[in-house]
Every structure is written in C-alpha cells, then in structure tokens.
Amino acid sequence: MTAPAARVALVGIALSVLCPGAPAAGEIWLGPDEPSPFVPDAARWIHAPQTPSEPWDHWAYFRVDVQVPAKVQRAVLALAPNQYVELCLDGQLVSTAYDHHECLPVFTDVTRRLAPGTHRLAARVYSEWMPALYAQLRMEGTDGRVRDQCTGVDWDSCLDAGDGWRHATEGSWSPARDGGGYHWRPGDSWIGREFALLPRQQVREHFEAHNSRLRDSWREEQRQPRSEFRGRYEKPEYADRYRRFRTLDRRTRQLLDADGREIHPFFTIYGQIRDGTTVLSIESFDFDQLERDLDLMERAHVNPYMRNLGWHVLLDEHGQWAKVKAQPPGSDLPEFRLMRDVWDYFLDRVEAHGLHVVLEADFYWSANGGVVWAPYRSRYHLYPEALEAQALATRKIMRYFSSRPCVMAYMAGEEDIGLAHDMTSPHVAEAYHRHLERQYGTVERFRETHPGNYDTRKPARLKPASRTPEFIAKSPPLEVLVPEYDWDPGAFEGLTSLADVPLPVWPRFLMPEAPEVAATAHRSYNDFTPDDPLWIDYFETAEEQQLFDMLVRWATIVREGCPDQLLFYSNAQDFTANWHFLHLLRRAELPFDVVGVGCHDSGIEPQDLEPWATTRKAIKNVSAYRPFVYARGARPVAIASGEGEGGHTPKGVLDYYRGGLFDEIGGGLAWTQTYNWLHMSGAVAGAGPHETPLLAWMAEFMPEHERDPFPLRGQAPILIVENANLQHSNRSGLNYGNVLSVAHYLTQLNVDFDIVNDQAIGYGRGEKLKVNLSPYRLIILPALACDLDPAGIEAIDRWLSDRRFAGRRTVCLGLSENRTPYLYPHPGLHPTLAAWLGIADYESRAELSGTQRLYCPRRIGSLRPGEAISLTLAGGSRCAFFAPDHALLTLEDGRAIATSATYAGNRVIGFGLFLGLNYSDLWAADPRQTPYDAPTALFEAMVDEAGIDRPIRAPHHVRVYPSADGRTLLIRERYSLATDAAIEVRLPEGVRYAGGQRLGNGRTRFEVHLEPYEGIVLSAE
C-alpha cells in the first residue's frame, strides 16, 4: 500500500460550507468554552467493500499511512463510532469510542506520538449493522499551518486482519468504499450525519432561523382551518362520544367521557408488520390492514396509542406542511396531497370505530433531521433553542388537530427524552456550577458539606475484568481494566471558587494494552466510586435545573396548541439505576394534567418476573405518584401508566395484561398505555392480526367493567420514605432496591401505601407542593445507608412528636450506616434517630449471610412470643445490634437485631438490617426468600402494631381490588400458586354477593379458586 497524501483543510473553510455565521478562516481551533476542539467535518464515512460471508455482524478493519513532514505543536484525533471502534497509532491503542445512534466523535490528543516521519493509523470497527469508520486527525505545525488526515477511499480495508489488526500487516486489503460525507442530505440515513457539537453561536443561529419562522407565523396559523371529522360512524351512537373532550374529575381523579361518566380506557401502541418489518409511522401503514385491526380493537375496547407523531413527516425543514411523496396502500383511499391529510384520514377511521387516540411527542426518533441534528436530540436540556424548535413544531401540529375530541391526550416522556451526560462538556459544567451557587452559595459551605472526595488526579490502581459493551447484544466480551481510586479527605481544602469544583468523574473501563486510553465502548456502572458525593449534586443539576425546566418550557408552548386535550408526562423507568434514566422528583410541580411511569417487561412470562414486578404497575404508578397529585397546589390531577408488555405464550400474554389491568383499574389510574398491538394481537408471530385469548377476554371484560367506580383513593395510611440523595448517588440500589422490596411485602398484605422521597415531604397543610405527612399512621424508612435530607427528617420528627397524636403513630427504621446525606461517615447515629431510639449508637455491627432465624421474645402484632422467622440474607449483609433490654427480635445467639422505643408517646421500631434485605449498591438484588412470603410476617406485625385498618384479608399471593361501591371485586393470583383462597372484604351496607358469607364488622367471606396468575371478577347481586 502506498502512503496517500494528507488532505489539507482549514476549519474556517469547512465550517463556512456547513452554514452561515462560520468563524473566519484563521480560527483553527475552537475555544475552551466549546465541547469540541474542532468540527470534524472534512472526512468521509468508509466501509469495507468486501462481501461478508454472513450478515453484517462482525469486525471490519481499516488502515492508512500518515506522513508527518515536520514537528507538530498540537495534534488531535477525532474518532466517530458506529457502533464500536478502536484505533491504533503505530500499533498502540490511542482511542476507542462507542455510541448507539449519534456517532458522536471522541477527541484524543496525540501530539506526543507524532514525530516527523511515517505513522500508521489502524482501526477495527464492530457493528450489528454495517461497520463504518469516520476519523479526522488534525495536526498543527509550529508555523500554525493545519493539516487534516481524514478517512476516505485512500484508506484500505479488509474483513480478515484478525489479531494483527493493530499494525495492519495481515489480511486481504483493498481500497475502502465511500459511505458519504458529514452533511446530512434528504434520503440519507440520519445515523452518523451532522454528528459533531458545533460552535455555540452557530447552533443558535441555525435554530433561530427555524424558530423565528414558526413564531412569526403563529398568529396567522391560528386563523387557518383545523382538522375535523369527515367520515361516517360504524354505529350511529358513536357520534355522542365526541360531543366534547374527555376531562378529569378532581374528586375521583378519573377520566370522564362526553356524558360526564367515569371510564377506564385502555391504549396500546399501534404498529403494523410490513414486508417482515415493524412500522410505527403512519406514512408506512397499509390502510386495509388498519381497517381490520380497528375492527378487532373496537370489539376489544382497545384504543390506539401512536408512538410517532412525526414532526419529520408532517412538517418540512422550514416548518411548512410536508407534501405526500407516495400515496399509502389501501382500498378506496382519497388522493392525499399533504401528510397531514393522511393523519386526518387515520383519525377519521379511528373515530368511525368509536375509539380514541393518545399521541406521543417524539423528541428523538421523529425529530426533523434537517432541523435537529442527531447529537442535539439528546441535548435539548443544554440547547434551549433546540427544545423550542421541537415545541414550536409540536404546537403547530397539535393546533391543527386540536378540534378533534378523538385525540384524548398528548404524551411526553419515556425514553424519547434521553439526556446525554456529557461530563466533559463546558455547557454541562456551566449548568453544574450554577446549581452549586444556588445550593451552597459560598465555598465555605460547600467544603462543610464535602470534606473529601476520590483523588482522580493520581493514576488509578487497575484490576482485570471482562465486560460486554452495552446494547451490542452479540458482541464478544472484551478484557478490560477496572480502576480503583484513593479517598482524599482534603480534596477541596485549596478550593477558592465554586467554579473550580470539577464535575464528577465518569470512570471508564480501560483497555489492558494501553491503560491510559479509556474504552468508551463500555458504559460505566459507576461502581468504581460508590461514595462519590459529587454525583448527588450532578443529578440534582440534571433533574431539577435542566429536565424540569425543559419540560416546563415545552409544556407551556405546546399547551397553546392543544388547550382542550390532556397533557401526560410519563417518567422513564422509575426506580431504575439513575445513570441510565433520570428521575424527575418534582412531580407535583409539573404543568401536566396526568403523570405516571412506564413499566417494561418485554416478552417475559409472569412466572419469570422478579416477585415485586408482579405488581409493578401498582407500586410504580399508584403508590409512587398518588401522593404527588394530592399534594397541596399540585398541578397534575391524575395518574396513568406508560408503556409495558409481558408474556410470550398466548396464556402468558393474557395473564400479564389482565393482571396489569386489574392493578391499574383497581388502583385508580385514569387510563392504561401499553406496548403493543402487534404483541397483543399475535400479529408479530404471523401474517395479519388474530383474535388472541387476551383480546377475547378484553372484549368480554371491558364493556362490563370499564365504567365501574374505581377512584384514586386519597393518601394511604402507610408511607415508605425514599432517600433522594441516596437515589442520586452511586449507591442508588440501596435506596430503590429496598423500597421496592418493602412495597412488595406490603402488597402481599393488601394494604394501601404511598412512596415519597424525603425532599418532597412536609408536616401540616401549610407547605405548598409538599406531601403532607398528617394522614399517615405508619412511616417506614427502609434503608438509611445515608441520612435523610435535613428538612425531611425534621418533618418526620414533627409528625412523630406531635402530642395531639400520641399513641397513634409509628415509625419503623431500617439500618443506619451513620453517613451524612452526602455519604460522609460520622460517629454515632444522626441526633434525631438517636433521640427516637433512645441510644447514641448501635451496640455492635457484623456481617451476616445465608439463612438467619429471628426470634420474638415478646408479642409483636400477630407474632407470638417464641415464634421465629427465617430470612435469607445475601453474602456479607451489613447488620447492627441493639442492647437486649428492649429487644423485639433476636438471633439464635441472643443478639438483638430489632428494638422498640417510645418517643413523644409514639412507637419507634428500629431494625439492624435493611428492611428490603437488599445490599447491592447498584441493583435491586435482594435474595429470594423461602417461603416466598417469609419477611411478610415482619411487616404484618408492624402494620398491626401501628393499628392500621385492613379492610381486605387474603392469602399473600392474592391481590383484591373492591370498587368504591363494593359491587365489583377484581381478584388476581400473582405468585404462580394455584389455590382455593378464603378472602374477607369489608363491603358497604346492603351489598351482597351470591355465595358470599356475611361476617361481623361489615365483612363478607368468599371462597374462590384461582389458577396461577388467573384473574377473576365477582359482581354483586
């Protein structure tokens, strides 16, 4: 191979081609306030031209020789991944990069490696699709002249370089194939186009050109005609359904139809199988297939939820209504001129079948690629003008559809709002430092909160490990090095400005052959710095100051376009490790009508779910969102669920959806949204839709019970308190894992409970937007791996010490690990905990593992003296022990692992273990119990000790939901146990069931038979 001549380019020239407002030609490098040292826009994507022996799912290799004629004073390599790439310089690994969609370049300074002479660049690329490489090496000589070595057809490629790829001396090499340039063009794949983060002013100018057009045309837009129904109803009575928009009842928190009657609708993502591929975009639909599906939906009372309201389809880059490029298939269709006409026809057909639609704002997949380039689709929080572009386009689209009552709601959320962390971006650092100024005000206060941190300035100790890159399912594991850092107690002693506080380090796995190179193919699980307190500040910045503000701006603009339809925000994957998805905790303040969360189980059969997940929709939606819509001054009115599906056999699908629907309707959700029509109807498994067991059951259940009164009940008597700082930390598994487990065991008791983070609680009705603790009888703090927020623990103390309620309130404490809210160790228990328990600290601490028998020296609720409970603990579970004088539970050796105290006349129960039995820093990994409900006896005792009323008594694996009038009972088995169950339910006076045995205190006893995961409905006489 002959060495090609290096291309020469000036960044000013390259940028002037990109868009107006480019820097002058003399400005070679971008300033330190920019996220990129230069814009790598002069290279070409290259592919291996060889035909592979199997589909593209393997490595491809590339090489080129670079001539460096003189000494360079600066050299930076930009490497773009698709999906994973490693690049060597003279056989030494110098850069790796990984990205799932955006192909965002990684910049590496290689100045010290480029002496005058010939150097070889060699790369290997792995992709599940087609391996492609994009790289640009910028070299600045001592004379200031800049030379760029870029990927192009002058590179060689092959598929068989094997282990010798680092020097690229082996293999069958031939010229690489051109794959296109930097700039996106209509018809191009958007992957890898416009992928660099441009200079800030250039970004502003680009978006302002688009946004000003939509702002200026808004007044005229409002005078234009809107969409209206032009079809014919399949049944004449359907017309009455659309006399007015569906609304929310503030008393019941339920959805009301046009007649003001409560209704519990069910929505599912609608898609089709076309030529073996799933399509979600309406422009790709076969309208004959749609008509068959709508017939099935009509019978089963299933409404379509449209995932992609396509901005990229409905509007062009200039904000004008897009023209139809090709007429969609279907019989007797009208001629469509604009893409909005296709949507009009779709909505006509939905309304003709008596159905409603929920539309979803798509921030990522359906963004207009000519307006919001790929990297900005995950950076709306950093670039307000990009968010405004999406919101203004959505406002225009929704104004056109705003007269259609069949469009019930508009949703934002789920994974469509995925925010990039960008821990090296100056824009992120600027927002972070603004937050620190608001949070601390002075350097001195910051240092009081943060006395130390990990010392990441020194080289980390490295140990070998094997990791598989995330999201690349078939790729082989790679051998990597895991870093370990030393703790520096004086890390911030010399700090003079909050602007000098570094962003938290996002440690990467390192490649063993070149330890100084980060293997960015591997998303860090943050297990290298579990106690790093700066992550807490960072996630508060990202959630509170960026995500929340972004949503408020978006909703304010979009609401102008659809004032009568409901806005719904669905949080993404609540109770999930926080570095995967952000969790917005300020839920009561959101300017949305409805809030909730999605629950994804893919195709998992019910028996393969984690135990808590068998009622995840009740735990994650009802319990975790209800207190926020009831908070004083809360803006949301009701709760709905986001996406979710499960099961892969016909029975598994039926069991999963039926169980979820019982939880959602019985729990008081306003409506249900799920994945997905192809799954529900069985169309994904074969040609055309099918009348599946699930749809047959829904056709029977929904007409009979979708109007039963199941209001969202007010605040429950039991509250589980989350620790917001712990959730934001690298030990978030200790928070959410224990919260979920406690919720799981309370669910087995059929008692009502709420879940709230400690930063959102207050005592008394005077605190606006805070969850009022007054109605609760029992508060559970599952895991005090770090102390609560000061305002939160003060609120609980006021609640517990209120003499007006002496003897009527109980608090249960899990293990405290004597750490501040920012994870710093401190001697002894927090002063408030010490006062509650009447001790300064635990008597001793130890690690326990395996099966432990806990004995009751005296009666606790339903637990009798001498009775024992067997619990399974994970290896090395950290536990603490109390003095024996007030022991509630002891180990076989007599050590007290639970104690009881009285504080201000109220009961305090302290445990020396995490109440959810989860000791994993990162995940919800509590060990399985034998029997499955062994820990439930502890929670039953706590509930009984607190005097909590239990209107429902049922086996622990059976869930019961009575309607508000008591005339309907939804009963489901949730643990794969066939049973003849005896159930007792307190019913209103005069409500009787055939076969029900009336007991005292208004209770009725039922004998029911349930197969595993079966759900049955009982109706009163």
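**Reading the cores and a helix**

Modeller: In this predicted model, the largest nonpolar core has 236 residues, and Phe 346, Trp 554, Met 698, Leu 746, Leu 773, Ile 796 and Trp 836 are the ones that touch the most other members. Helix α10, residues 534–559, gives this core its largest share, 14 residues.

Biologist: Which residues are in contact with Leu 773, if we leave aside its neighbours within four places in sequence?

Modeller: The general idea is that nonpolar side chains tend to be buried together in soluble globular proteins. Here, Leu 773 is in contact with Leu 719, Ile 761, Gly 762, Tyr 763, Ile 779, Ala 795, Ile 796 and Trp 799. Apart from the largest core lies another, of 27 residues, which includes Val 64, Ala 75, Leu 121 and Ala 135.

Biologist: How should I read a helix such as α2, and which of its residues are buried?

Modeller: An α-helix has 3.6 residues a turn, so residues three or four places apart point the same way. In α2, the buried residues are Arg 200, Gln 202, Val 203, His 206, Phe 207, His 210, Asn 211 and Leu 214. The helix runs over residues 200–216 and reaches 24 Å from its first C-alpha to its last, close to the 24 Å expected, and α2 bends by about 30° at Glu 208.

Biologist: What does the radius of gyration tell us about the whole protein?

Modeller: A compact globule of 1021 residues would have a radius of gyration near 31 Å, and the protein, with 30 Å, agrees with this. Buried residues make up 63% of the protein, which contains 19 helices and 47 strands.

Key:
Residues numbered from 1 in each chain as written. Predicted model: local features only at pLDDT ≥ 70, side-chain atom pairs only at ≥ 80, totals over all residues. Heavy atoms only, no water. Helix = DSSP H or I, 4+ residues; strand = E, 2+ residues; numbered from the N terminus. Expected span 1.5 Å × (residues − 1). Bend = angle between axes of the 7 residues up to and from the residue. Buried < 20%, exposed > 50% of the residue type's maximum accessible area, 1.4 Å probe, protein only. Rg over C-alpha atoms; globule rule 2.2 N^0.38 Å. Core = buried A, V, L, I, M, F, W, Y, C linked by side-chain atoms within 4.5 Å. Contact = heavy atoms within 4.5 Å.
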